[in-house]
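Me: I have a chain open that is new to me, and I would like to go through it slowly. Could you help me get my bearings?

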Amino acid sequence: MIQDVVAWVLLAAVAAYACAGGTDYGAGFWDLFAGGSERGKRPRWLIDHAMEPVWETNNVWLIFVLVFMWTGFPVLFQTVFTAMWLPLALAAVGLVLRGAGFALRKPMTRLARRRIYGAAFAVSSLLVPFFLGAVVGGLATGRVAPGTEASADAWSNGTSVLAGLLTVAATAFLGAVFLTADARRFDAPDLVHYFRLRAWCSLGVVAVLAVVGLAVTHHDARYVYDGLTSGAGLAVVLVAAACAVATAWLLYRRATGWARITAVGSVALVVIAWGLAQRPYLIPTSLTVDQAAGAPTTLRWLLLVTAIAIVLVGPPLVLLYRLDTSGTLQPLAENDLRRTAVNRDPAKER
(Lines give C-alpha, C1' and ligand atoms only; values in the text may rest on other atoms or scores of the structure.)
Protein backbone atom coordinates (compact mmCIF):
# COMPACT_ATOMS: atom_id res chain seq x y z
CA MET A 1 0.00 0.00 0.00
CA ILE A 2 1.13 3.53 -0.74
CA GLN A 3 1.26 4.57 2.93
CA ASP A 4 3.67 1.72 3.65
CA VAL A 5 5.98 2.94 0.88
CA VAL A 6 5.88 6.45 2.32
CA ALA A 7 6.64 5.07 5.80
CA TRP A 8 9.71 3.22 4.49
CA VAL A 9 10.96 6.34 2.73
CA LEU A 10 10.54 8.26 5.98
CA LEU A 11 12.50 5.59 7.86
CA ALA A 12 15.27 5.72 5.24
CA ALA A 13 15.47 9.50 5.65
CA VAL A 14 15.72 9.12 9.44
CA ALA A 15 18.55 6.61 8.94
CA ALA A 16 20.31 9.02 6.57
CA TYR A 17 20.10 11.85 9.10
CA ALA A 18 21.24 9.57 11.90
CA CYS A 19 24.39 8.77 9.90
CA ALA A 20 25.17 12.09 8.19
CA GLY A 21 24.05 14.39 10.97
CA GLY A 22 25.30 11.95 13.60
CA THR A 23 28.82 12.17 12.22
CA ASP A 24 28.77 15.95 12.61
CA TYR A 25 27.35 15.73 16.13
CA GLY A 26 30.08 13.24 16.97
CA ALA A 27 32.77 15.64 15.78
CA GLY A 28 31.28 18.29 18.07
CA PHE A 29 31.23 15.78 20.95
CA TRP A 30 34.97 15.21 20.62
CA ASP A 31 35.50 18.95 20.29
CA LEU A 32 33.86 19.33 23.70
CA PHE A 33 36.18 16.80 25.33
CA ALA A 34 39.37 17.72 23.45
CA GLY A 35 40.78 19.61 26.42
CA GLY A 36 42.11 23.14 26.88
CA SER A 37 43.27 25.54 24.20
CA GLU A 38 46.72 23.97 23.91
CA ARG A 39 45.96 20.28 24.46
CA GLY A 40 42.89 20.45 22.21
CA LYS A 41 44.45 22.55 19.47
CA ARG A 42 45.34 19.67 17.14
CA PRO A 43 42.04 17.72 17.46
CA ARG A 44 40.02 20.89 16.97
CA TRP A 45 42.09 21.82 13.93
CA LEU A 46 41.19 18.48 12.37
CA ILE A 47 37.51 18.81 13.33
CA ASP A 48 37.28 22.25 11.71
CA HIS A 49 38.92 21.13 8.47
CA ALA A 50 36.94 17.88 8.29
CA MET A 51 33.53 19.50 8.87
CA GLU A 52 33.80 22.69 6.84
CA PRO A 53 32.74 21.37 3.40
CA VAL A 54 29.59 19.46 4.42
CA TRP A 55 28.36 20.45 7.86
CA GLU A 56 25.42 22.51 6.55
CA THR A 57 24.51 19.92 3.91
CA ASN A 58 23.70 17.22 6.45
CA ASN A 59 20.71 19.18 7.76
CA VAL A 60 19.00 18.56 4.41
CA TRP A 61 18.00 15.15 5.79
CA LEU A 62 16.40 16.68 8.88
CA ILE A 63 14.33 19.04 6.73
CA PHE A 64 13.30 16.10 4.56
CA VAL A 65 12.17 14.12 7.63
CA LEU A 66 10.10 17.03 8.98
CA VAL A 67 8.42 17.74 5.63
CA PHE A 68 7.69 14.05 5.11
CA MET A 69 6.18 13.71 8.61
CA TRP A 70 4.07 16.81 8.22
CA THR A 71 2.78 15.98 4.74
CA GLY A 72 2.62 12.19 4.78
CA PHE A 73 1.63 11.53 8.39
CA PRO A 74 -0.03 14.67 9.79
CA VAL A 75 -1.51 12.83 12.79
CA LEU A 76 1.97 11.62 13.75
CA PHE A 77 3.39 15.11 13.33
CA GLN A 78 0.67 16.67 15.46
CA THR A 79 0.95 14.02 18.17
CA VAL A 80 4.74 14.20 18.47
CA PHE A 81 5.01 17.98 18.40
CA THR A 82 2.17 18.38 20.90
CA ALA A 83 3.36 15.89 23.48
CA MET A 84 7.11 16.41 22.95
CA TRP A 85 7.29 20.12 22.17
CA LEU A 86 9.79 20.92 24.95
CA PRO A 87 12.63 18.51 24.01
CA LEU A 88 12.06 19.29 20.33
CA ALA A 89 12.23 23.02 21.04
CA LEU A 90 15.44 22.53 23.01
CA ALA A 91 16.87 20.52 20.12
CA ALA A 92 15.90 23.31 17.68
CA VAL A 93 17.60 25.94 19.85
CA GLY A 94 20.63 23.67 20.05
CA LEU A 95 20.75 23.38 16.26
CA VAL A 96 20.81 27.17 15.91
CA LEU A 97 23.47 27.64 18.60
CA ARG A 98 25.55 24.82 17.14
CA GLY A 99 25.56 26.30 13.66
CA ALA A 100 26.28 29.80 14.91
CA GLY A 101 29.06 28.58 17.19
CA PHE A 102 30.81 26.63 14.46
CA ALA A 103 30.53 29.43 11.90
CA LEU A 104 31.67 32.22 14.21
CA ARG A 105 34.40 30.70 16.34
CA LYS A 106 37.03 30.41 13.60
CA PRO A 107 37.10 34.08 12.47
CA MET A 108 37.26 35.30 16.07
CA THR A 109 40.68 36.73 16.96
CA ARG A 110 40.12 37.05 20.71
CA LEU A 111 40.56 33.79 22.60
CA ALA A 112 37.71 34.49 25.04
CA ARG A 113 35.14 34.92 22.27
CA ARG A 114 36.47 31.92 20.41
CA ARG A 115 35.95 29.84 23.56
CA ILE A 116 32.37 31.07 23.94
CA TYR A 117 31.43 30.19 20.38
CA GLY A 118 33.36 26.93 20.56
CA ALA A 119 31.50 25.97 23.75
CA ALA A 120 28.15 26.75 22.10
CA PHE A 121 29.05 24.48 19.20
CA ALA A 122 30.40 21.64 21.34
CA VAL A 123 27.73 21.59 24.06
CA SER A 124 24.93 21.81 21.50
CA SER A 125 26.47 18.89 19.62
CA LEU A 126 25.86 16.79 22.74
CA LEU A 127 22.43 18.12 23.71
CA VAL A 128 20.73 18.00 20.29
CA PRO A 129 21.19 14.22 19.71
CA PHE A 130 20.30 13.55 23.35
CA PHE A 131 16.93 15.31 23.09
CA LEU A 132 16.16 13.75 19.72
CA GLY A 133 16.99 10.31 21.11
CA ALA A 134 14.87 10.99 24.19
CA VAL A 135 11.89 11.75 21.94
CA VAL A 136 12.35 8.45 20.11
CA GLY A 137 12.63 6.60 23.42
CA GLY A 138 9.43 8.20 24.68
CA LEU A 139 7.57 7.16 21.55
CA ALA A 140 8.82 3.58 21.91
CA THR A 141 7.35 3.27 25.40
CA GLY A 142 3.83 4.08 24.22
CA ARG A 143 3.49 6.97 26.67
CA VAL A 144 2.48 9.20 23.76
CA ALA A 145 -0.72 8.72 21.79
CA PRO A 146 -3.01 10.97 19.73
CA GLY A 147 -4.52 13.47 22.15
CA THR A 148 -1.77 13.12 24.76
CA GLU A 149 -0.92 16.39 26.49
CA ALA A 150 2.67 17.51 26.95
CA SER A 151 4.32 16.11 30.08
CA ALA A 152 7.85 15.59 31.35
CA ASP A 153 7.22 11.88 31.84
CA ALA A 154 6.77 11.42 28.09
CA TRP A 155 10.46 12.13 27.43
CA SER A 156 12.27 11.97 30.77
CA ASN A 157 11.53 8.33 31.65
CA GLY A 158 14.20 5.64 31.86
CA THR A 159 13.84 4.48 28.27
CA SER A 160 14.01 8.06 26.97
CA VAL A 161 17.14 8.90 28.96
CA LEU A 162 18.79 5.67 27.85
CA ALA A 163 17.83 6.28 24.22
CA GLY A 164 19.26 9.80 24.46
CA LEU A 165 22.54 8.52 25.88
CA LEU A 166 22.72 5.77 23.28
CA THR A 167 22.17 8.33 20.52
CA VAL A 168 24.99 10.51 21.86
CA ALA A 169 27.31 7.48 22.12
CA ALA A 170 26.46 6.42 18.56
CA THR A 171 27.23 9.89 17.21
CA ALA A 172 30.52 9.90 19.13
CA PHE A 173 31.38 6.54 17.55
CA LEU A 174 30.57 7.77 14.03
CA GLY A 175 32.45 11.02 14.55
CA ALA A 176 35.57 9.27 15.86
CA VAL A 177 35.61 6.80 12.95
CA PHE A 178 35.31 9.54 10.33
CA LEU A 179 37.87 11.73 12.08
CA THR A 180 40.29 8.80 12.14
CA ALA A 181 39.94 8.57 8.36
CA ASP A 182 40.34 12.34 8.04
CA ALA A 183 43.47 12.27 10.19
CA ARG A 184 45.00 9.70 7.88
CA ARG A 185 43.98 11.78 4.87
CA PHE A 186 45.67 14.84 6.38
CA ASP A 187 48.78 12.76 7.16
CA ALA A 188 48.48 13.24 10.92
CA PRO A 189 49.50 9.88 12.50
CA ASP A 190 49.19 11.25 16.04
CA LEU A 191 45.53 12.11 15.41
CA VAL A 192 44.92 8.73 13.77
CA HIS A 193 45.87 7.07 17.06
CA TYR A 194 43.99 9.72 19.04
CA PHE A 195 40.64 9.27 17.31
CA ARG A 196 41.00 5.53 16.71
CA LEU A 197 41.26 5.01 20.47
CA ARG A 198 38.16 7.13 20.99
CA ALA A 199 36.27 5.20 18.34
CA TRP A 200 36.98 1.95 20.19
CA CYS A 201 35.99 3.47 23.54
CA SER A 202 32.74 4.93 22.22
CA LEU A 203 31.87 1.61 20.58
CA GLY A 204 32.36 -0.05 23.97
CA VAL A 205 30.01 2.48 25.55
CA VAL A 206 27.44 1.83 22.81
CA ALA A 207 27.64 -1.91 23.52
CA VAL A 208 27.17 -1.42 27.28
CA LEU A 209 24.22 0.94 26.79
CA ALA A 210 22.65 -1.47 24.30
CA VAL A 211 22.78 -4.31 26.84
CA VAL A 212 21.32 -2.07 29.55
CA GLY A 213 18.69 -0.94 27.04
CA LEU A 214 17.50 -4.49 26.54
CA ALA A 215 16.82 -4.82 30.25
CA VAL A 216 15.04 -1.46 30.44
CA THR A 217 12.89 -1.87 27.34
CA HIS A 218 11.87 -5.39 28.41
CA HIS A 219 9.61 -3.78 31.01
CA ASP A 220 9.11 -0.25 29.69
CA ALA A 221 8.77 -0.76 25.90
CA ARG A 222 7.77 -4.39 25.56
CA TYR A 223 6.36 -4.17 22.03
CA VAL A 224 9.60 -2.75 20.63
CA TYR A 225 11.67 -5.14 22.75
CA ASP A 226 9.81 -8.15 21.30
CA GLY A 227 10.34 -6.82 17.78
CA LEU A 228 14.09 -6.33 18.33
CA THR A 229 14.64 -9.76 19.85
CA SER A 230 12.80 -11.87 17.28
CA GLY A 231 12.20 -12.19 13.56
CA ALA A 232 13.44 -9.64 11.05
CA GLY A 233 14.27 -7.08 13.74
CA LEU A 234 16.68 -9.46 15.46
CA ALA A 235 18.31 -10.40 12.14
CA VAL A 236 18.99 -6.75 11.29
CA VAL A 237 20.32 -6.08 14.81
CA LEU A 238 22.78 -8.96 14.46
CA VAL A 239 23.98 -7.62 11.10
CA ALA A 240 24.40 -4.18 12.69
CA ALA A 241 26.45 -5.72 15.50
CA ALA A 242 28.61 -7.53 12.94
CA CYS A 243 29.22 -4.22 11.13
CA ALA A 244 30.25 -2.59 14.41
CA VAL A 245 32.74 -5.39 15.18
CA ALA A 246 34.05 -5.16 11.62
CA THR A 247 34.56 -1.42 12.10
CA ALA A 248 36.71 -2.01 15.18
CA TRP A 249 38.83 -4.57 13.29
CA LEU A 250 39.16 -2.34 10.22
CA LEU A 251 40.35 0.53 12.40
CA TYR A 252 42.97 -1.78 13.88
CA ARG A 253 44.09 -2.63 10.35
CA ARG A 254 44.03 1.10 9.48
CA ALA A 255 41.54 0.44 6.67
CA THR A 256 39.77 3.68 7.52
CA GLY A 257 37.86 3.98 4.24
CA TRP A 258 36.10 0.67 4.76
CA ALA A 259 35.67 1.45 8.46
CA ARG A 260 33.54 4.47 7.56
CA ILE A 261 31.26 2.28 5.45
CA THR A 262 30.77 -0.36 8.14
CA ALA A 263 30.25 2.28 10.84
CA VAL A 264 27.53 3.97 8.80
CA GLY A 265 26.03 0.55 8.08
CA SER A 266 25.86 -0.34 11.77
CA VAL A 267 24.01 2.86 12.73
CA ALA A 268 21.68 2.80 9.72
CA LEU A 269 20.78 -0.83 10.36
CA VAL A 270 19.91 -0.10 13.99
CA VAL A 271 17.45 2.58 12.80
CA ILE A 272 15.94 0.13 10.31
CA ALA A 273 15.69 -2.55 13.01
CA TRP A 274 13.81 -0.09 15.22
CA GLY A 275 11.36 0.55 12.37
CA LEU A 276 10.88 -3.16 11.80
CA ALA A 277 10.39 -3.78 15.51
CA GLN A 278 7.44 -1.43 15.89
CA ARG A 279 5.61 -2.13 12.62
CA PRO A 280 2.74 -1.74 11.81
CA TYR A 281 2.84 1.10 14.34
CA LEU A 282 4.37 4.53 14.05
CA ILE A 283 3.71 4.99 17.76
CA PRO A 284 3.45 1.65 19.60
CA THR A 285 0.73 0.62 20.30
CA SER A 286 -1.67 3.49 19.59
CA LEU A 287 -1.07 4.79 16.05
CA THR A 288 -0.59 2.57 13.01
CA VAL A 289 0.75 3.60 9.62
CA ASP A 290 -2.76 3.40 8.14
CA GLN A 291 -4.27 5.55 10.89
CA ALA A 292 -1.59 8.26 10.65
CA ALA A 293 -1.36 8.48 6.85
CA GLY A 294 -2.67 11.44 4.91
CA ALA A 295 -5.00 11.29 1.93
CA PRO A 296 -3.92 8.86 -0.85
CA THR A 297 -3.73 11.70 -3.40
CA THR A 298 -1.41 13.64 -1.10
CA LEU A 299 0.81 10.58 -0.63
CA ARG A 300 1.07 10.01 -4.39
CA TRP A 301 2.14 13.60 -4.97
CA LEU A 302 4.56 13.36 -2.07
CA LEU A 303 6.25 10.32 -3.61
CA LEU A 304 6.37 12.04 -7.01
CA VAL A 305 8.00 15.15 -5.55
CA THR A 306 10.41 12.92 -3.62
CA ALA A 307 11.42 11.10 -6.80
CA ILE A 308 12.05 14.43 -8.54
CA ALA A 309 14.08 15.65 -5.55
CA ILE A 310 16.18 12.49 -5.59
CA VAL A 311 16.95 12.98 -9.28
CA LEU A 312 17.80 16.66 -8.87
CA VAL A 313 19.47 16.71 -5.43
CA GLY A 314 20.76 13.15 -5.08
CA PRO A 315 23.66 13.27 -7.58
CA PRO A 316 25.05 16.60 -6.27
CA LEU A 317 24.89 15.26 -2.70
CA VAL A 318 26.69 12.05 -3.67
CA LEU A 319 29.31 14.07 -5.54
CA LEU A 320 29.78 16.42 -2.59
CA TYR A 321 30.25 13.56 -0.12
CA ARG A 322 32.61 11.82 -2.56
CA LEU A 323 34.74 14.92 -3.07
CA ASP A 324 34.84 15.55 0.66
CA THR A 325 35.84 12.02 1.69
CA SER A 326 38.47 11.87 -1.06
CA GLY A 327 40.10 15.06 0.19
CA THR A 328 39.37 17.14 -2.90
CA LEU A 329 37.46 19.83 -0.99
CA GLN A 330 40.08 21.55 1.11
CA PRO A 331 39.84 25.17 2.26
CA LEU A 332 42.46 27.56 0.96
CA ALA A 333 45.19 28.30 3.46
CA GLU A 334 46.65 31.76 3.92
CA ASN A 335 49.69 30.80 1.83
CA ASP A 336 47.41 29.72 -1.02
CA LEU A 337 45.64 33.08 -0.97
CA ARG A 338 48.94 34.94 -0.99
CA ARG A 339 50.21 32.85 -3.88
CA THR A 340 47.00 33.56 -5.81
CA ALA A 341 47.41 37.29 -5.23
CA VAL A 342 51.02 37.23 -6.41
CA ASN A 343 50.17 35.33 -9.60
CA ARG A 344 47.18 37.52 -10.49
CA ASP A 345 47.47 39.27 -13.85
CA PRO A 346 46.12 42.87 -13.60
CA ALA A 347 45.84 43.12 -17.41
CA LYS A 348 43.40 40.21 -17.55
CA GLU A 349 41.27 41.72 -14.80
CA ARG A 350 40.85 44.89 -16.87
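Reply: What follows is a walk through the chain, from its overall build to single residues.

Me: Before we start, what am I looking at, and how are the residues numbered?

Reply: This is a predicted model, in which local features need pLDDT of at least 70 and side-chain atom pairs count only at pLDDT 80 or more, while totals for chains, interfaces and linings use all residues. Residues are numbered from 1 along each chain as its sequence is written, and side-chain values use heavy atoms, with hydrogens and water left out.

Me: Ok, how many helices and strands does the chain have?

Reply: The secondary structure comes to 16 helices and two strands, where helices (H or I, at least four residues) and strands (E, at least two) are DSSP runs numbered from the N terminus.

Me: And what radius of gyration does it have next to a compact globule?

Reply: The chain has 21 Å, which agrees with the value near 20 Å for a compact globule of 350 residues; the radius is taken over C-alpha atoms, and the globule rule is 2.2 Å times the number of residues to the power 0.38. Along the principal axes, the C-alpha atoms fill a box of roughly 70 × 50 × 40 Å.

Me: What share of the residues is buried?

Reply: Buried residues make up 43% of the 350 residues, with buried meaning under 20% relative accessible area, exposed over 50%, and partly exposed in between (1.4 Å probe, protein chains only).

Me: What about contacts between residues 24 or more positions apart?

Reply: Such pairs account for 79% of the contacts in the chain with a separation of 6 or more, and contact here means heavy atoms within 4.5 Å.

Me: Which residues touch the most other members in the largest nonpolar core?

Reply: Of its 70 residues, Trp30, Phe73, Leu76, Met84, Leu179 and Phe195 touch the most other members. Helix α1 (residues 2–32) gives the most to this core, with 12 residues. A nonpolar core is a set of buried Ala, Val, Leu, Ile, Met, Phe, Trp, Tyr and Cys residues joined through side-chain atoms within 4.5 Å.

Me: Let me pick Leu76, then. What does it touch?

Reply: Not counting residues up to four places away in sequence, Leu76 touches Met69, Leu282, Ile283, Leu287 and Ala292.

Me: Back to helix α1: is Thr23 buried or exposed?

Reply: Thr23, which is found in helix α1, counts as buried because its relative accessibility is 12%. Leaving aside neighbours within four places in sequence, Thr23 is in contact with Ala18, Leu174, Gly175 and Phe178.

Me: Phe178 again, maybe? Where is Thr325, and how far from Phe178 is it?

Reply: Thr325 is found in helix α14 (residues 296–325), and its C-alpha atom is 9.0 Å from that of Phe178, although the two are 147 residues apart in sequence. Thr325 is partly exposed, with a relative accessible area of 25%, and it touches Arg185 and Arg260 when residues up to four places away in sequence are not counted.

Me: New topic, the backbone. Which peptide bonds are cis?

Reply: The bond from Arg279 to Pro280 is cis, with omega near 5°, and Pro280 lies in the loop between α12 (256–278) and β1 (281–283). The bond from Pro284 to Thr285 is cis as well, with omega near -10°, and Thr285 is found in the loop between β1 and β2 (287–288).

Me: And which residues have a positive phi without being glycine?

Reply: One of them is Asp187, with a phi of about 55°, found in the loop between α8 (158–185) and α9 (189–220); Asp187 is exposed, with a relative accessible area of 65%. Arg254 has a positive phi of about 60° and is found in the loop between α11 (231–252) and α12, where Arg254 counts as partly exposed at 40% relative accessibility.

Me: Last one: where does Arg44 sit, and what is it in contact with?

Reply: The place of Arg44 is in helix α2 (residues 41–51). Leaving aside neighbours within four places in sequence, Arg44 is in contact with Asp31, Leu32, Ala34, Gly35, Gly36 and Arg105. By contrast with those contacts, the C-alpha atoms of Arg44 and Leu319 are separated by 26 Å, and the two residues are 275 apart along the chain.
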